[in-house]
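The following report introduces a nonpolar core and one of the helices that contribute to it. Please look over the sequence and the model before reading on.

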Amino acid sequence: MTAAEASEVIRGTGFSSGAVVLLVDDQPHSVSALHDVLDEAGFTVLVALDGGTALQRAREALPDAILLDAVMPGMDGFEVARRLQADPRTQGVPIIFMTGLNETEDVERAFAVGGVDYVTKPVRPREVLARLNAHRRLARQVRWGQRQDGLARQALDAFGLATLVLRGADGKLLWQTPLARALLVQYAGGDGVHTPAPVRRWWQAGLSLAQRGEEPPPLVLRAGADQLVLRVHRRIGDLDDEQSATGTRDAGDWLIVLEERRESLAMARLAEAFGLTVREAEVLYWVAQGKINRDIGAIVGASPATVKKHLERILAKLGVETRTAAAAMALQRLRAP
């Protein structure tokens, strides 16, 4: 192909140059012909004539795309692709197979080991450039999405927000802010990496509601007098291959917001303001929340009769005659700056 013909191919694809492409083929004459076309298109072209060199060049240069011959002596293209996809440094690089094979199982194998596309030999430069253009653009979009996701997580971390993402299919913990991790360990136990059992059970029970657009009831975890409340915020992202394979096509990933309610601090404030004991302050707090004696007893671990005796002493200390008046005083104190 002449320089004029190459320029015509470039104009026909609308290609924007500047990318780095790794060209892997054990046939020097094939490499030379395609190298000239890519170079004319403005690519920086790296060449490897065998699988081992291809792996080394890919890890060193992190190219924008790889054109990979499927059939090579020694380490073939399928094994090269498998190793590239297994390496975190290169697993995101688009791999386009170049192959003379046209059997269905060969094509399936190319995709199975991480290929995103393939062209048949003898390769047609216009087709190669068009496919490179499409996959480079897609890779940029993916990287931009990952960058935005990373920035969003950094922002959540910076503002001290407690959020996490659960995979809808099985409630797997996909990511979490540092504050969310600390709160889950404090209130639900676990190792800070995997979804705690109570959270997983809650999610499994509420998933169907979330998928229908209804908000599942919040999960309330307790640690002493304090509470951690988990609420479903919204669905994010797209389905992944694993979700599709398990048949949970509408599961998605879900953003969960955590809110800690430091009721112990509120109770300490009531105790100090009105000269109450710790248990009396606890009872008064729940009275202010509208709880009846039976419910308060269940919360604090006492009988309704014991709660009633505490309440009698509280009324005397506050100088009021009814629980409604006591609740009003407590709320006024809690809302004061």
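## The largest nonpolar core

The largest nonpolar core has 25 residues, of which Leu270, Leu284, Ile296 and Leu318 touch the most other members; such a core is a set of buried Ala, Val, Leu, Ile, Met, Phe, Trp, Tyr and Cys residues joined through side-chain atoms within 4.5 Å, where buried means under 20% relative accessible area, exposed over 50%, and partly exposed in between (1.4 Å probe, protein chains only). The elements giving two or more residues to this core are tabulated here, the helices (H or I, at least four residues) being DSSP runs numbered from the N terminus.

| Element | Residues |
|---|---|
| α10 | 263-274 |
| α11 | 278-288 |
| α12 | 293-300 |
| α13 | 304-318 |
| α14 | 323-335 |

With 7 residues, α11 gives the most to this core. Apart from this core lies another, of 21 residues, including Leu166, Leu184, Trp202 and Leu228.

The model is predicted, with local features needing pLDDT of at least 70 and side-chain atom pairs counting only at pLDDT 80 or more, while totals for chains, interfaces and linings use all residues. Residues are numbered from 1 along each chain as its sequence is written, and side-chain values use heavy atoms, with hydrogens and water left out.

In α12, the residues Asn293, Ile296, Gly297 and Val300 are buried. Seen down the axis of α12, these buried residues fall within an arc of 100° (taken from the directions from the helix axis to the C-beta atoms), so they line one face of the helix. They pack against α11, α13 and α14, contact meaning heavy atoms within 4.5 Å, whereas the face turned away from the buried side carries the exposed residues Arg294 and Ala298.
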